[in-house]
Amino acid sequence: MPPSPAVIATLRQVPFFAALPEAHLEQLASTVRQKKFPKNAVIMSQGDDTDSLYIIASGRIKVGISDEEGKEVILSMLGPGQFFGEMSLVDDHPRSANIETMEASEFVVVNKDDFKRFLSQNFDMALAFMKELVRRLREADKKIESLALMDVYGRVARVLLDMAEETVDGKLVIKRRLTKQDIARMIGASREMVSRVMKDLVEMNHVSFRGTVIVLHENLAGSAR
Ligand code: CMP
């Protein structure tokens, strides 16, 4: 059966698959599976032995790690066109983190052997893959910097700026639901502390709410330095 155009379009959103020649991308697309999960489903757990790479076709997931008492740290939130599960494919170690859907989500799942076969045959894909890994390392470095060097105001401001998207009129907004609990789990603070900081940021006119949309004002960047 020829690969579905929707699967090819999803793969093409990922820079290292977009680096493949069209014929190879189509061959790869004919090997993948598609999976659907409801909101709050566990897709993989830290320590699992599995062998596939997931591309998000729609929806949103969070990457987290938790301790034995269930206390959770959120490492990242990922949406359409982003991928997860690449680390175990590269080093054959168990899964490094838990992945849970934040909304109903659809995935394109690439098998480890197929991924490695295409990677070994395409230098441009391998280079683009390395660039993505380096980009994630840079993001992780930025988070370590903010955890080690910033106060809670700075950390909250950093998360808000990282999650924001720019509207056509140049405003920075967060449209997707982002709870105070989520922010707290991303910066290692309590939910109460995040509530207090958000209230202060609103009072200082660094942030405002339009319904459920968070609007970031220009002076917020000063809090993240
Ligand atoms: P893997 O270890 O196979 O399974 C869990 C996945 O979570 C991992 O691959 C990465 O895709 C993802 N992951 C782990 N740490 C981070 C991080 N700091 N930022 C974004 N994604 C991550």
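These are my notebook entries on the ligand site and the strand pairing in this structure.

**Entry 1: what I am looking at**

I am working from a predicted model. Residue numbers count from 1 along the chain as its sequence is written.

**Entry 2: the ligand shell**

I started with the ligand. How many residues surround the ligand? I get 14, and the closest are Gly85, Glu86, Ser88, Arg95 and Ser96.

Next I sorted the shell by residue type. The split is seven nonpolar, four polar and three charged.

Then I went after the polar atoms. Which side chains put an N or O atom 2.5 Å from an oxygen atom of the ligand? Glu86 has one at that distance from a ligand oxygen, and Ser88 has one at 2.5 Å as well. For Ser96, a polar side-chain atom lies 2.7 Å from an oxygen atom of the ligand.

I also looked up how covered the ligand is. On its own the ligand has 460 Å² of accessible area, and the protein covers 91% of that. The space taken by the ligand is the largest pocket.

Which elements give two or more residues to the shell? I find strand 5 (72-78) and helix 4 (86-91). Helix 4 gives the most, with three residues.

**Entry 3: sheet 1-8-3-6**

I moved on to the sheets. One is an open sheet of four strands in the order 1-8-3-6, with antiparallel pairing. Why is one side of strand 1 and of strand 6 left without a neighbour in the sheet? Strand 1 (33-37) and strand 6 (83-84) stand at the edges and each has a single partner strand, so one side of each stays unpaired in this sheet.

I followed strand 1 to its partner. Strand 1 and strand 8 (residues 105-111) run antiparallel and are joined by five bridges. To place the register, I noted that Arg33 stands opposite Val109 in strand 8.

Past strand 1, I checked the loop that leads to strand 2, where Asn40 lies. Phi of Asn40 is near 65°, a positive value in a residue other than glycine.

**Entry 4: strands 2, 4, 5 and 7**

Here I went pair by pair. Strand 2 (residues 42-44) is joined to strand 7 (residues 98-101) by two bridges, and the two run antiparallel. The bridge partner of Met44 in strand 7 is Ile99.

Strand 7 also pairs with strand 4 (residues 61-66), again antiparallel, through four bridges. Lys62 stands opposite Glu100 in strand 7. Which residue of strand 7 is the bridge partner of Val63? I find Ile99 there, the residue I had already written down for Met44.

From strand 4 I went on to strand 5, the strand I had met in the ligand shell. Six bridges join strand 4 to strand 5, and they run antiparallel. Ile61 has Leu78 of strand 5 as its bridge partner.

How many residues sit between strand 4 and strand 5 in their hairpin? There are five, and Gly70 in the turn has a positive phi of about 90°.

**Entry 5: sheet 9-10-12-11**

Another open sheet of four strands has the order 9-10-12-11, with antiparallel pairing. I checked its edges too. Strand 9 (165-166) and strand 11 (207-210) each have a single partner strand, so one side of each is left without a neighbour in the sheet.

Inside that order, strand 10 (residues 172-174) and strand 12 (residues 213-216) pair over three bridges in the antiparallel sense. Leu172 stands opposite Leu216 in strand 12.

Where is Asn205 found? I placed Asn205 in the loop between helix 9 (191-203) and strand 11. Its phi is near 65°, a positive value in a residue other than glycine.

**Entry 6: quick recap**

For the ligand, I will keep Glu86, Ser88 and Ser96 on my list, along with the 91% cover by the protein. For the strands, I will keep the two orders, 1-8-3-6 and 9-10-12-11, and the strand 4 and strand 5 hairpin with Gly70 in its turn.

Technical notes
Predicted model: local features only at pLDDT ≥ 70, side-chain atom pairs only at ≥ 80, totals over all residues. Heavy atoms only, no water. Near = heavy atom within 4 Å. Polar contact = N/O pair within 3.5 Å; in protein donor to acceptor, adjacent residues only side chain to side chain. Areas by Shrake-Rupley, 256 points an atom, 1.4 Å probe, with all protein chains shown as cover. 1 Å grid on protein atoms, 1.4 Å probe; cavity = no way out; pocket = protein on both sides within 12 Å on 5 of 7 lines; lining within 4 Å. Sits in = over half its atoms within 2 Å of the grid points. Nonpolar A, V, L, I, M, F, W, Y, C, P; charged D, E, K, R; others polar. Pairing = 2+ DSSP bridges.
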